Amino acid sequence: MREHMVRIRDARTNNLDHLDLTIGRHQLVVFAGISGSGKSSLVFDTIAAEAGAELNETFPPFARNRLPKWTRPEVGSIDGLSPVIVIDQRRLGGNARSTVGTVTDTWTYLRLLFSRLSTPFVGESNCFSFNDRSGMCPRCDGLGEVLSAAVDRVLDLDRSLSEGAIRLPGFGEGGYWYAQYADIGTFDAEAPLREWTQRERDALLYGGQHAAALGTRPPSDYEGVLERFERIYLRTSDEPSERKRRTIEEFTHAATCPECEGERLHEAARIATVRGLTIGQMSRLEIPELRDVLRGIDAPGVGSAVQALRERLQAMITVGLGYLHLARATTTLSGGESQRIKAVKHLGSSLIEMLYVVDEPTVGLHPSDVADMAELLQQLRDRGNTVLVVEHDPALMAMADEIVEIGPGAGEQGGRLVFQGSFEQLREADTPTGHALAAQRPTVQTPRVPRDWVRVESARRNNLQDVTERIPTGVMTVLTGVAGSGKSSLATELVDQHPAIVVDQRPVAANRRSTPITYTGIATAIRKLFARETGAPEGLFSANSTGGCPECDGLGVLYTDLAFMDGQETVCPACHGTRFTAEALSHTLDGLTISDIEHLSITEALERLQDRSIRSKLQHLDRVGLGYLRLGQSLNTLSGGEAQRVKIAKELRDADAPNIYVLDEPTTGLHLRDITTLLSVLDELIDHGHTVVVIEHNLDVIRRADWVIDLGPGPGRHGGTVLFTGPVSGLPETATGRALREADS
């Protein structure tokens, strides 16, 4: 029957090649394929986007403007969709009030428990909420810390008001508030502040009695600089803009609230106890410890709340987050931790017949925890939902109901359905994933000889237990251990104690105009090629210069602000999305316009463009497996793993003297085949005299290590010790050692 299937017909989003696919509902389906093959284009940009957009259309404009924005996909038709829930790897972030407890609803159950059983009795559960006036600390408004202006950063005493002595935005000459100080006749706007009296400087900063005490009193509505700054920046309840956040960060300092000592709650809630523990103390227990405390509570009237809380805590333990505590701020969680938190939250939902779309749920997980994650996804399915997962891990594929592989290649060589069936059938399939699975041959290479050693001394960061460890140089060291065991903390200590370069997964670009062309610096060479071939000026071949379409400023799209309705982005009707003027597009190089050049993949560009300077800068991107990226593709569209590989390529191209490179899970987002490419790239760094230190769970990477430092034995306070250090062949019966032996058996 139609309602038991999801049918996609003629999907053309991004690189999808008129793809047709039918999958069963109420199944766990894994989508595989090499990087850039079109998996995400199908699952996120087509299926999830259509489901989200159709649901949004059922809401009035006012509500739609506050819902997630979805771009309708290029597709013939999709049938059998449900409302979609996306569990991606974007960090939870949130504001200063958001904690693990609040985002998982466990804090709600804990508040309910204390409202019924606490001694002394406090009252309703809102009295234990730091987001409610009846519960929050009056000094810090439930934030646990107080922000105050950093006076030493606000003023430059060597300058006058007219020269910008007040460093805050809007307070310098020409700024919105400048006249409130320079033009009131109270202060000398031309004299450096160092020449002012202390009373004058205090009046400038603090206003109030300080200003009233001056011989030349300011106007009655006068506000001191700090008064105005704190009112505008620190005493508002609206969500601050990025610019406002940067200003707050630059001109304030935070300290633990002296009244609540960081517990966020008012005094009555801070001192009330259940089983001898305050709610603040319980919130700082690791998840398994809190679960054990709850086992002893069987009072009537709270049984359902305790049961729900214990189930939610157990789910967090199941997905490898047992080392967290409920008071942990969500802003400190990694992408993988954020994703698992989201999954736990949805497990407690009473909604069924939903469409769950999950992006690489094994990221950040030790191999020993993958089965637990698969079990959680199966639970979502068994509650009556359809679960679609983009994943590369064979262990998770093996537990899926069905596997769909998109490929066979990346970019224009992908976007087609190349396999649909079971994991056992995939192992025999003539596809990139099938070949990679068949080619898996567990091998431990002969370790390279270290050039020297560096020492990390007395590391106590986070859960590290006074670790002193030596790390070899000139080889590859892999830091292993379960999630939360201390790997990242040890790597951070290495970076702090020795000169090292961190190659992380943060975005490589902040704006949409940054592309492989601009990032690699080949834009000038391309413009010169066109100018030399056509005789036209170089600026004509830049979308940011005279060659840019004047209608869209060289962006290729127009944005229309529809006020209370969703803003609308449309392809520019003048340049049809090419970004260039008709004159610029009238010139060609080897039959290609400048717009055609931007649409070439990196691999295609290496074949078509013979200029040596261009090829030398592009070949490293191709070398790290990013040959499918288009030259004009915005770098802010890259995944974390792709961004990390772009940085590796840059280091391969630019690095001179031997460096220590620290990489955090570089296999994130990589197909099995691409992991082999990554390892050869890391070998190339080592061949150039560099040292590579990798935080990694992938067993293929661990097998290729020259040196392993295995941390544990558990997460959080149960970890932070070095269990083993040496060649990988000597790994004992730790979680990592067992995972290797089980995979090799």
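**Note on backbone geometry at four positions**

1. With a relative accessible area of 33%, His26 is partly exposed. The model under review is predicted, and every value here should be read as computed from that model. The 33% for His26 falls between the two cut-offs, since buried means under 20% and exposed means over 50%. As to position, His26 sits in the loop that runs between strand 2 (19-24) and strand 3 (28-32).

2. What is the sign of phi at His26? Phi of His26 is positive, near 60°, and the residue is not a glycine. Most residues other than glycine have a negative phi.

3. Glu353 also has a positive phi, of about 60°, and is not a glycine. The loop that holds Glu353 lies between helix 15 (335-347) and strand 10 (355-359). Is Glu353 buried, partly exposed or exposed? Its relative accessibility is 33%, so Glu353 counts as partly exposed.

4. Turning to peptide bonds, most are trans. The bond joining Thr119 and Pro120 is cis, with omega about -5°. Pro120 belongs to the loop between helix 4 (106-117) and strand 6 (145-149).

5. Which residue does a cis peptide bond join to Pro408? That residue is Gly407, and omega for the bond is about 0°. Gly407 is the end of strand 12 (402-407), while Pro408 is in the loop between strand 12 and strand 13 (416-421).

6. For a check of the model, the positions to open are His26 and Glu353 for positive phi, then Thr119 with Pro120 and Gly407 with Pro408 for the cis bonds.

Key:
Residues numbered from 1 in each chain as written. Predicted model: local features only at pLDDT ≥ 70, side-chain atom pairs only at ≥ 80, totals over all residues. Heavy atoms only, no water. Helix = DSSP H or I, 4+ residues; strand = E, 2+ residues; numbered from the N terminus. Buried < 20%, exposed > 50% of the residue type's maximum accessible area, 1.4 Å probe, protein only.
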